[in-house]
Amino acid sequence: MENINWKEFGFGYTKTDYNVRCNYRDGKWGELETSSSDQVNVHIAATGLHYGQQAFEGLKAFKGPDGKVRVFRIEENAKRLQSSSHGIMMAEMPIELFEEAVIKAIKLNERWIPPYESGASLYIRPVLFGNGPQVGVNPAPEYTFAVFVMPVGPYFKEGFKPTDYVIYREYDRAAPQGTGTIKVGGNYASSLRGGSRAHEEGYSAVLFLDAKEKKYIDECGPANFFGIKGNTYVTPKSNSILPSITNKSLCQIAEDMGMTVERRKVTVEELADFTEAGACGTAAVISPIRKIVDADKNVDYVYGDEAGKTSFKLYETLRGIQYGTVEDKYNWNTIIEF
Ligand code: PLP
Ligand code: COI
């Protein structure tokens, strides 16, 4: 194992040594269990299969040049899973139990944590779903939680290189008062048609507009959107986008860099006013945007082949905090003790 080629990892599944599970039954959470199998037992009448009672999370651990392993903002992911669970009436997992499960999964797979120099990181994927029989449309009697980890490289294969995004008005990922603000699989299912068309046509992802008026920017496929205008960081406020932990961190970093941060509605036309734009998220980190093509209106918003100066500074600071080379003033990292 010690000859793993870390540079080869893109963003895809790799079987690691162990995963951690926990079941909710009879109104309470059980003990954490360890498994080396990557299969789970699902009841044939599970609501996770039939009625979309399912949510997931995504977070990362990083090995720094000091040899320490840090997980980024784990409590935020724990809280967001609770919020997703609340939204679709699943049992909520206590924050401490979520953290314990994630840390256990990292520790059990220590040899899979990429070294600092590789630029790769360990992606952590917790998932929770309704299990046990429930055929009427009601919340499930039982829930299964599992968390697996895998080493990953960049989500968009170009890494920190600008790529192109596209606007199509015929697809929505979530309804205005729907599930857009929680991390449930259904949002991703509804993004697949538009997303695959975007890939076929040479784009990294769809830049979704608000589903009601098609006037405002929502988010980019699996990531939030931000634009830079002079010394201002602008990011959409919407009731159908996922509250990104990366974006929240970048807002803080931008503010600390002396920038003005605006979280507000962003019209499509305003794309023309930005000097830089990017997609941000755990998997995407910051993916600078070269061009946004409004496919229905035949308009291109072009930002250029090089990532802008400000996006690069934000990226470097965020990565620095995650790898332990920039001061972690807000205690975002949890250091794993082996
Ligand atoms: N938006 C969507 C739809 C996502 O799937 C993700 C990824 O989790 C994000 C935004 C970014 O969120 P975060 O920064 O918390 O990973
Ligand atoms: C993440 O950034 O963790 C995501 O969830 C994005 C995607 C792979 C769904």
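User: Which residues are around ligand 2 in this model?

Analyst: In this predicted model, a residue is counted as near a molecule if one of its heavy atoms lies within 4 Å of it. Around ligand 2 this gives Phe11, Phe56, Gly58, Tyr123, Arg125, Tyr155, Lys183, Tyr188, Pro222, Thr282 and Ala283. Sorted by kind, the shell around ligand 2 holds 7 nonpolar, 2 polar and 2 charged residues.

User: How should I read the polar contacts, and which atoms of Lys183 and Ala283 lie 2.6 Å and 2.8 Å from an oxygen atom of ligand 2?

Analyst: A polar contact is a pair of N or O atoms within 3.5 Å, and one then looks at whether the protein atom belongs to a side chain or to the backbone. For Lys183, a polar side-chain atom is 2.6 Å from an oxygen atom of ligand 2, whereas for Ala283 a backbone N or O atom is 2.8 Å from an oxygen atom of ligand 2. Tyr123 also takes part, with an N or O atom of its side chain 2.7 Å from an oxygen atom of ligand 2. Ligand 2 on its own exposes 280 Å², and the protein buries 90% of that area.

User: Where does ligand 2 lie with respect to domain 1 and domain 2?

Analyst: One reads this from the domains that supply the shell. The domain assignment gives domain 1 (6-152) and domain 2 (163-323), and because both of these domains give residues to the shell around ligand 2, the ligand lies between them. Their centres, taken over C-alpha atoms, are separated by 25 Å, and 27 residues of domain 1 are in contact with 19 residues of domain 2.

User: Which residues come nearest to ligand 1?

Analyst: There are 16 residues around ligand 1, and those that come nearest are Tyr188, Glu219, Ser244, Thr246 and Thr282. Tyr188 and Thr282 are also among the residues around ligand 2. For the polar contacts of ligand 1, an oxygen atom of the ligand is 2.6 Å from an N or O atom in the side chain of Ser244, while a polar side-chain atom of Thr246 is 2.5 Å from an oxygen atom of ligand 1. The side chain of Arg80 has an N or O atom 2.7 Å from an oxygen atom of ligand 1. Of the 380 Å² of accessible area that ligand 1 has on its own, the protein covers 96%.

User: In which pocket does ligand 1 sit?

Analyst: Ligand 1 sits in the largest pocket, and the space taken by ligand 2 is the largest pocket as well.

Notes:
Residues are numbered from 1 along each chain as its sequence is written. Chains are lettered from A and ligands numbered from 1 in the order in which they are written. This is a predicted model: local features need pLDDT of at least 70, side-chain atom pairs count only at pLDDT 80 or more; totals for chains, interfaces and linings use all residues. Side-chain values use heavy atoms; hydrogens and water are left out. A polar contact is a pair of N or O atoms within 3.5 Å; within protein, one must be able to donate a hydrogen and the other to accept it, and residues adjacent in sequence count only if both atoms are side-chain atoms. Accessible areas come from the Shrake-Rupley method with a 1.4 Å probe; for residues, only the protein chains shown count as cover. On a 1 Å grid over the protein atoms alone, a cavity is a set of points where a 1.4 Å probe fits but cannot get out, and a pocket is an open set with protein on both sides within 12 Å along at least five of seven lines; lining residues have an atom within 4 Å of a point. A molecule sits in a cavity or pocket if more than half of its atoms lie within 2 Å of its grid points. Ala, Val, Leu, Ile, Met, Phe, Trp, Tyr, Cys and Pro count as nonpolar, Asp, Glu, Lys and Arg as charged, and the others, Gly among them, as polar. Domain bounds come from an automatic or database domain assignment. Contact means heavy atoms within 4.5 Å.
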